[in-house]
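Here are my notes on this structure, set out as numbered points for someone meeting it for the first time. Please keep the 3D view open while reading, and look up each residue as it is named.

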Amino acid sequence: MPIFRITVRLAAPLGTPLVGPTLFGQICWVLRERDGEAALRAWLDEPARAFVVSDGFPHGFLPRPLVHPRALPPDEISNAKERKKRGFVRRETWLSNRQAWDETALTLDDLTADKPQPKRLAHNQVHRSGRGTLEEGGLYFLEEDWRFSAGPDDGASDPALMDIYVETADPADRVADIFTELGERGYGRDASTGRGRWTVEGQVEDDSALSRDAGPRRMSLSRGLIDPETMVAPLWRLEPHFGRAGPQIALAGVSPFKRPVLLTRPGMTFTPVGQGPWGRMLDGIHPDRPEIRLNARHIAIPFAEAKGTPT
């Protein structure tokens, strides 16, 4: 199935990080409001079409795979702490090394860290009686990512550019259309006040080269579940996901809060059994709206670790 790479240029602060399950949920709202409830349900019921979505990554980079540790060469030991901070690897480095993946052969130039530009903004809590704001205890802070306003880092990369990957049988122009509309509407918290805006940079590219070669292991670009029947010997890091339904749900008098779930972070690796799919769509995550789902499926690309005994 095709894997598309969408490069977006952030045009406003992010109130919510670019994480796959939240992106998928907002895509569903775009389709519902544009095409109707019946069209959305039909799309969700076709596993080949319903998008499998990655997180947003620094432009030109992929998550570093979780692999068995190996001893660093002596000349790289002094860089061990810095290497550990850099959780992303150049796409070109991944493609040229994935048939014998050995992290000790990577240089610092092959790696990068995510570089958000956090800003804490003060807010006042409104008095429930309608008499302005609370005089005591009403001040609270929210953190936003302002990387859209940062310039290129040493001329090497532009923090405002981010890559999102989508696996779907839908054509590239439909993927581009949906992400363009989502960027115009705004993504995440405080989208109604201008947060979460972006434009799609260039053409949406078919990046199926990521899955072209075979390999005994796979790396996930997504946040998802581990299916023990089809995903063997996994290496992972977990992160809780506290999802919320769209504002349309709250306006109907229903709680926006979904049940929290634990999902694996991008970079999780496993040995596949069969041809997939990997992970699954989660039902029953909202106490009052059983039709609401969470997409916990993986875009999983093949690779092989280098031969030899890891330390």
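1. I begin with R49, which counts as partly exposed at 23% relative accessibility, and I should say at once that the model is a predicted one. The partner of R49 is E46, and the two form a salt bridge in which the closest N and O atoms are 3.4 Å apart. E46 also counts as partly exposed, because its relative accessibility is 36% and partly exposed covers the range between under 20% (buried) and over 50% (exposed).

2. Elsewhere, salt bridges that share partners join E33, R34, D35, D177, E181 and R185 into one network. Within this group, the side chains of D35 and R34 meet at 3.5 Å, taken from N to O. Both residues fall in the partly exposed class, D35 with a relative accessible area of 39% and R34 at 30%.

3. How many salt bridges does a search of the whole structure find? The search finds 29, and as general background, side chains of opposite charge can pair when their charged atoms come close. Another example to look up is the salt bridge between the side chains of R9 and D158, with a distance of 2.9 Å from N to O. This pair links distant parts of the chain, since R9 belongs to strand β1 while D158 sits in the loop between β7 (139-145) and β8, and the two are 149 residues apart. R9 itself is partly exposed, with a relative accessible area of 29%.

4. Turning to the interior, which residues touch the most other members of the largest nonpolar core? They are I27, W43, F51, F179 and W198, out of the 31 residues that this core contains. Two or more residues come from each of β1 (3-10), α1 (20-35), α2 (37-44), β8 (161-167) and α5 (172-185), and the largest share, 6 residues, is given by α1. In soluble globular proteins, nonpolar side chains tend to be buried together.

5. F179 is a useful residue from which to explore this core, being one of those that touch the most other members. Not counting residues up to four places away in sequence, F179 touches I6, I27, F51, I164, V166, W198 and V200. There is also a second, separate core of 18 residues, which includes V52, Y165, L210 and I299.

6. On the surface, W236, L238 and L262 form a nonpolar patch, and together they have about 310 Å² of accessible area. W236 is found in the loop between β12 (231-235) and β13 (238-241), and this residue is partly exposed, with a relative accessible area of 40%.

7. Is H286 buried or exposed? H286 lies in the loop between β16 (279-282) and β17 (294-297), and it is buried, because its relative accessible area is 2% and the limit for buried is under 20%. A polar atom of the H286 side chain lies 2.6 Å from the backbone oxygen of S255, and a polar atom of that side chain lies 3.2 Å from the backbone nitrogen of R289. Leaving aside neighbours within four places in sequence, H286 is in contact with I249, V254, S255, P256, F257, K258, R259 and I292.

Key. Residues are numbered from 1 along each chain as its sequence is written. This is a predicted model: local features need pLDDT of at least 70, side-chain atom pairs count only at pLDDT 80 or more; totals for chains, interfaces and linings use all residues. Side-chain values use heavy atoms; hydrogens and water are left out. A nonpolar core is a set of buried Ala, Val, Leu, Ile, Met, Phe, Trp, Tyr and Cys residues joined through side-chain atoms within 4.5 Å. Buried means under 20% relative accessible area, exposed over 50%, partly exposed in between (1.4 Å probe, protein chains only). Helices (H or I, at least four residues) and strands (E, at least two) are DSSP runs, numbered from the N terminus. Contact means heavy atoms within 4.5 Å. Patches are made of residues with over 30% relative accessible area and no salt bridge: like charges are joined within 9 Å, nonpolar side chains (Val, Leu, Ile, Met, Phe, Trp, Tyr) within 5 Å. Accessible areas come from the Shrake-Rupley method with a 1.4 Å probe; for residues, only the protein chains shown count as cover. A salt bridge is a side-chain nitrogen of Lys or Arg within 4 Å of a carboxyl oxygen of Asp or Glu. A polar contact is a pair of N or O atoms within 3.5 Å; within protein, one must be able to donate a hydrogen and the other to accept it, and residues adjacent in sequence count only if both atoms are side-chain atoms.
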